[in-house]
Amino acid sequence: MVQSEIYTLNNSGIGATAEEDRLNFQHNVFLRMTKGHLLPAHIEASLPADARIADIATGTGTWLRAVAARWPGARLDGFDMTAAHFPAAAALPAAVTLHPRSQNVLDPFPAAFVGAFDVAHVRLLMYG
């Protein structure tokens with residue numbers, strides 16, 4: 001199990017709901033900064049209709065929900081070091097799977113996921 005101290009915002013005392021609001025707000029800020037592009041245009045253009053896309057450090061899965069609306073045939077998987085901010089599975093589009101097993105990006109991913117994706121979306125981890 002990953003210790004929560006690694007993700008310092010879990011320990012900030014702001015509460016889970018406030019942190020989820022912050023993560024969703026952050027997604028919308030980046031969406032405005034990229035003029036609504038979820039991926040660079042050249043990557044979007046190269047994706048097959050049934051693309052398999054991973055979101056690493058998915059947080060609330062808000063990016064994956066936006067991708068599901070744009071690519072309805074895609075298969076979308078979210079990974080995070082904690083499932084604390086995941087919405088209920090019933091609130092997600094059918095194509096989105098948030099993996100409840102904690103995944104620290106510093107640890108190897110299970111072999112079943114290595115090389116399985118057309119795109120692996122990673123945002124802001126360089127600051128960690």
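This text goes through three paired strands and then one pocket of a predicted model.

A convenient place to begin is strand S2, which spans residues 75-79. Four of the five residues of S2 are buried, so the strand is mostly covered, where buried means under 20% relative accessible area. S2 has pairing partners in S1 and S3.

Strand S1, residues 52-56, runs parallel to S2, and the two are joined over five bridges. Within this pairing, Asp55 stands opposite Gly78 of S2. To get from S1 to S2 the chain passes through helix H3, residues 62-70. The resulting β-α-β crossover is right-handed.

Strand S3, residues 96-98, also pairs with S2 in the parallel sense, here over three bridges. Gly78 appears again in this pairing: its bridge partner in S3 is Leu98. Gly78 can therefore serve as a reference point when viewing the strands, since Asp55 stands opposite Gly78 and Leu98 is its bridge partner in S3.

The other feature to look at is the second largest pocket, with a volume of about 210 Å³. It is lined by 14 residues, of which His37, Leu38, Leu39, Pro40 and His121 are the closest to the pocket centre. Two elements each give two or more residues to the lining: helix H1 (16-33) and strand S4 (119-122). By residue class, the lining of this pocket consists of nine nonpolar residues, four polar residues and one charged residue.

Methods
Residues numbered from 1 in each chain as written. Predicted model: local features only at pLDDT ≥ 70, side-chain atom pairs only at ≥ 80, totals over all residues. Heavy atoms only, no water. 1 Å grid on protein atoms, 1.4 Å probe; cavity = no way out; pocket = protein on both sides within 12 Å on 5 of 7 lines; lining within 4 Å. Points joined across faces, edges and corners; volume = space filled by probe spheres on them. Nonpolar A, V, L, I, M, F, W, Y, C, P; charged D, E, K, R; others polar. Buried < 20%, exposed > 50% of the residue type's maximum accessible area, 1.4 Å probe, protein only. Pairing = 2+ DSSP bridges. Right-handed = clockwise from strand over helix to strand, strands pointing away.
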